[in-house]
Amino acid sequence: MKPITESEALFKSARQLMPGGVSSPVRAFKAVGGTPRFICRAAGAWLEDVDGNRYVDYVLSYGPLILGHAHPAIVNALTGTIRRGTAYGTPTRREITLVRLITTLLPGMDMVRLVNSGTEAVMSALRLARAWTGRDRIIKCTGNYHGHADSLLVQAGSGVATLGLPDSPGVPESTVKNTLVVPYNDLAAAEAAFGAHRKRIAAMIVEPVAGNMGVVLPQKGYLQGLRDITRAHDALLIFDEVMTGFRVHPSGAQGLYQVTPDLTTLGKVIGGGLPIGAYGGRRDIMALVAPSGPMYQAGTLSGNPLAVEAGIVTLEKLQEPGIWSRIARQTARLARGWKSRAEAYRIPLEVAVAGTMFGCFYTDQPVIDWNTAKRADTTRYAGVFHALLERGVHLAPSQYEACFVSSAHDDDVVSHTLDAVDAALADEAG
């Protein structure tokens, strides 16, 4: 590995011009220490930094790049699209193509509105839920991240469910007073919250597979239980599939677990690496969205031709026979290999796999919620992270982020990774 002198110099300059030197917090390496690598190019499964080092990438822009970096079909499609213009502010034929793909593939999506980010999608879906029900309160789960909209930046209080308190300066208590927080994977807590706030809850929003406290899988019956509870209380169930959509299954978590929500939010994969978001669901509910109905939401760059084109190519490629299943098989192989090597060095490790995403917790206890996730050894995670980075493997720089695999991660790439994992764990074991 070459010295990272250029990355260090760039990071020093960036910190003078940008908060923390980055455009999104986790990129600053605060959770693991050290200097983030400044990347100048990428192709397939590989990144290259400004100092000339190459890394197998398991961040993949935090999920969107399920076909890998600079996939030729996407590059070709974008090249043709950009020559016709980058934004029109008008409807386009290809928007219909992308939305038709989404509605065909996801069971809970009758109608869709395209937006520009996952945060915007969630914010809009919650507004729609309140408009539909005429209620103000929502429920979210501790450790589930739904973007940085004010009403969702809350922490759990004492008891089964409390009204939210701001989790960030700049978020007034009045903004989050109608947000309740319950533990993930705890049906009793959800039921108690609905009972305590009867006829006042508009919706419960959940990551069907949690990906923002590390990867945490839903316990058997949990998602169906939420479906039953919300129906019983005439509230909406919202699946935040910004991360899980097309990652955990070709028909999303709702297809994998056979639980259909009322509304779904999407992002990441549906833009093929370009900024996009979407929300959608039942036709009668979506009919409330302007201009069909009175719930207002708009966006200058919504349905951007470049993002739409990249999304179409990505979703069409994923429908080709064997593509998605091959990515899932490589993910499973990587997870098995990582786990077996940890066992060989007597390092406690829990590896969670959901389709084409995975996460590692250095712990000897099952991880089912935020409380068990935060007990994992983050110091060990940081040590393994840097040992792998020095061996050309790029993981998410935080215990609480998911890792991802793409169609470009072939047998050779995964074998290279597992060799690096073996050496890194040997170092960690001493």
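In this predicted model, helix α3 (93–105) and strand β4 (111–115) each supply at least two residues to the lining of the second largest pocket. The larger share comes from α3, which gives the most to this lining, with 4 residues. In total, 24 residues line the pocket. Those nearest its centre are T90, P91, E95, S302 and G303. The space inside comes to about 510 Å³.

Helix α10 (residues 305–318) holds E316. This residue counts as partly exposed because its relative accessibility is 41%, between the limits of 20% and 50%. In sequence, E316 and L98 stand 218 residues apart. In space, their C-alpha atoms are 9.5 Å apart.

Helix α14 spans residues 411–429. At 1.5 Å a residue, its 19 residues should cover 27 Å, and the end C-alpha atoms are indeed 27 Å apart, so expected and computed spans agree. Its buried residues are V413, V414, T417, L418, A420, V421, A424 and L425. These residues cover an arc of only 165° around the axis and therefore sit on the same side of α14. The face turned away from that buried side carries the exposed residues D412 and D419. Several elements cover the buried residues. Among them are the strands β2 (46–49), β3 (54–57) and β16 (393–394). The helices α11 (323–344) and α13 (378–389) also take part in this cover.

Both ends of α14 show local detail. At the N-terminal end, D410 acts as the cap. A side-chain oxygen of D410 lies 3.2 Å from the backbone nitrogen of D412. After the helix comes G430, with a positive phi near 80°.

Helix α1 (residues 5–17) was examined in the same way. Its 13 residues reach 19 Å from the first C-alpha to the last, close to the 18 Å expected at 1.5 Å a residue. S7, F11 and A14 are buried in this helix. Seen down the axis of α1, the buried residues fall within an arc of 65°, so they line one face. The exposed residues T5, K12 and Q16 are carried on the face turned away from the buried side.

Two further residues illustrate a strand and a loop. T264 belongs to strand β12 (residues 263–267). Its relative accessibility is 0%, so T264 counts as buried, the cut-off being under 20%. The side chains of T264 and Q254 are joined by a polar contact of 3.1 Å. Leaving aside residues up to four places away in sequence, T264 touches M109, F239, E241, Q254, A278, Y279 and G280. Q254 is thus listed among the residues touched by T264 and is also its polar partner.

Q219 is placed in the loop between β10 (201–206) and α7 (222–232). With a relative accessibility of 38%, Q219 counts as partly exposed. Its contacts are with N185 and I368, again not counting residues up to four places away in sequence. Q219 and D51 are 168 residues apart along the chain. A distance of 44 Å separates their C-alpha atoms.

Note on methods: Residues are numbered from 1 along each chain as its sequence is written. This is a predicted model: local features need pLDDT of at least 70, side-chain atom pairs count only at pLDDT 80 or more; totals for chains, interfaces and linings use all residues. Side-chain values use heavy atoms; hydrogens and water are left out. The expected span of a helix is 1.5 Å times one less than its number of residues. Buried means under 20% relative accessible area, exposed over 50%, partly exposed in between (1.4 Å probe, protein chains only). The arc is that of the directions from the helix axis to the C-beta atoms. Contact means heavy atoms within 4.5 Å. A polar contact is a pair of N or O atoms within 3.5 Å; within protein, one must be able to donate a hydrogen and the other to accept it, and residues adjacent in sequence count only if both atoms are side-chain atoms. On a 1 Å grid over the protein atoms alone, a cavity is a set of points where a 1.4 Å probe fits but cannot get out, and a pocket is an open set with protein on both sides within 12 Å along at least five of seven lines; lining residues have an atom within 4 Å of a point. Grid points are joined across faces, edges and corners, and a volume is the space filled by probe spheres set on the points.
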